[in-house]
Amino acid sequence: MKTLTLLNQQNLASLPAQILRPTYDRSELKAGIVHIGVGGFHRSHEAYYTDELLEKTGTKDWGICGIGLRSADGKIAKVLERQDYLYTLIIKHPDGKIENRVIGSIIDFILACDDPEVATDRMAAETTKIVSLTITEGGYNFNASGEFDFKNPEVKHDLANPGKPKMIFGYLTEALRKRRDAGLPGFTIQSCDNIQHNGDMTRKMLLAFARRQDPVLAGWIAQNVTFPNAMVDRITPITTPSDVQLLEDEFGMKDEWPVTCEPFCQWVIEDDFCNGRPHWEEVGAQFVPDVTPYETMKIRLLNAGHSVLGLLGAIHGHETIDGCVNDLLFATYLRRFMDVEVTPVLDPVDGIDIEEYKDSLLARFANPNIKDALSRICLESSSKLPKFLISTINENIERKGSTELAALVIAAWCYYSDKGTDKNGKKLEVVDEMKAELHKAAAETSRDKLSFLRIKPIFGDLAKQKGFTDEYIHMVDSLYENPDIARLMQALLFGWE
Ligand code: CS2
């Protein structure tokens, strides 16, 4: 059996020449960034940009210390520690070319649930200038009306136990309290999640929590912390055993948890950093005064496009995004959805040709080497769809635009949540914080056609929008009668028989 070279600092020099690796001195780096939520996306995006920056400029101030808040982060904590926080980014091009690159920007990791104080101390350290977040769309703890959800039991716990927080806003508040008490300046809180106005949302949620716990501190936070909005983009499928195997077979390298991603990468950020920032613009990030049009365009075309393919495709029996867009019917449906139901509600974006942007999305989705599983896309739909799709539906209702293509997606989601199978009866896993509620409401459909749409925290008042509900009922009826979703997609595109 071939002996494998373990990925770690000591073995970096002996890796095969084709693998790019950091040439900067990692031991000299300070962790100017603390990042909460070290999943695949952080590792393919912010950590990648930062690695490029460290390589290009030789700056020493912007290493990253990762933090995991949950015991489920124990696995990444162990893997990163064993590998001196190194991992491989496997960039897969559509033509089959693969670039392997060891990323060195993460230099430490703290599993906060083991000892919250260690984590808040690190965030409060003078060297920490930015705390960045990828905590998923569901992590921001807002309710249906966009206000902070004080009913969450973890919030109640954190309000009562400032020194031993469990959730993100408890951690941030405690860390900022320590900084204020030590006479240090605040840090920038930089959201990297797919939420419209992610910085404003983070600010609103944090201040709501802090005001309830300590109003004076909340005042200090409002004055001393900034929250730049940003649009983030890089398709990053879930790592599979074959990715680990690829590195072993091709290079004899043992990396327990590499990350794969597409070559495309984008980061548009508002330049609002209260305590300094890396010059990410030197490595391709764009700093702009207002990120809103970029965010809206990305969330409503790319992320919603994913959900359209994910929910329709899952019922049809497709397994991956590229599998969907290689099916002409799905590609046509997606393009029609983008052209007819999304483009009319988008504002123009400086320097971006929207038609080209849509073409490029279809090309990215078609990358045959990015096997982006529909099961990943359908994960936590209840926190994604309100941001990705439902706001578009509402705006179309208001402007009397088309909503039927989106209505079929919601009907498909209802069917998916009710039956948990594709059209042939094959099981589809529902992984969603609201799984029980989704299932219960969807299962009522035969008695009350609108029961799924009545889940207020997701759909707001959509069930009261007569024109839309007529379309939705028609789709649900047709789908429950015959779950051959392709037939319905065809009918919407080319007319009912
Ligand atoms: C996806 C995103 O979670 C999803 O449903 O749409 O993870 C998407 O791949 C990224 O936002 C791409 O930047």
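**Ligand surroundings, nonpolar cores and helix H6**

In the predicted model, a polar side-chain atom of Arg376 is placed 2.8 Å from an oxygen atom of the ligand. His306 likewise contributes through its side chain, an N or O atom of which is 2.7 Å from a ligand oxygen atom. At Arg234, by contrast, the backbone is involved: one of its N or O atoms lies 2.9 Å from an oxygen atom of the ligand. These three residues belong to a set around the ligand that also includes Asn194, Asp233, Ile235, Lys298, Leu302, Asn303, Ile377 and Lys384.

The largest nonpolar core comprises 80 residues, and those with the most contacts inside it are Leu312, Phe337, Phe452, Phe459 and Tyr472. Both domain 1 (5–288) and domain 2 (292–494) supply at least three residues to this core. A separate core of 39 residues lies apart from it, with Ala31, Met123, Ile189 and Leu206 among its members. Within the largest core, Phe459 is one of the residues with the most contacts; when residues up to four places away in sequence are not counted, Phe459 touches Ile390, Ile410, Trp413, Phe452 and Leu453.

Helix H6 is formed by residues 168–181. Its 14 residues should span 20 Å at 1.5 Å a residue, and the end C-alpha atoms are 20 Å apart, in agreement with that expectation. Because 11 of the 14 residues are buried, H6 is largely enclosed by the rest of the structure. The buried positions include the run from Ile168 to Arg177, together with Arg179; among them are Phe169, Tyr171 and Leu172, as well as Thr173 and Glu174. Gly183, which follows H6, has a positive phi, near 75°.

Conventions. Residues numbered from 1 in each chain as written. Predicted model: local features only at pLDDT ≥ 70, side-chain atom pairs only at ≥ 80, totals over all residues. Heavy atoms only, no water. Core = buried A, V, L, I, M, F, W, Y, C linked by side-chain atoms within 4.5 Å. Buried < 20%, exposed > 50% of the residue type's maximum accessible area, 1.4 Å probe, protein only. Domains from an automatic or database assignment. Contact = heavy atoms within 4.5 Å. Helix = DSSP H or I, 4+ residues; strand = E, 2+ residues; numbered from the N terminus. Expected span 1.5 Å × (residues − 1). Near = heavy atom within 4 Å. Polar contact = N/O pair within 3.5 Å; in protein donor to acceptor, adjacent residues only side chain to side chain.
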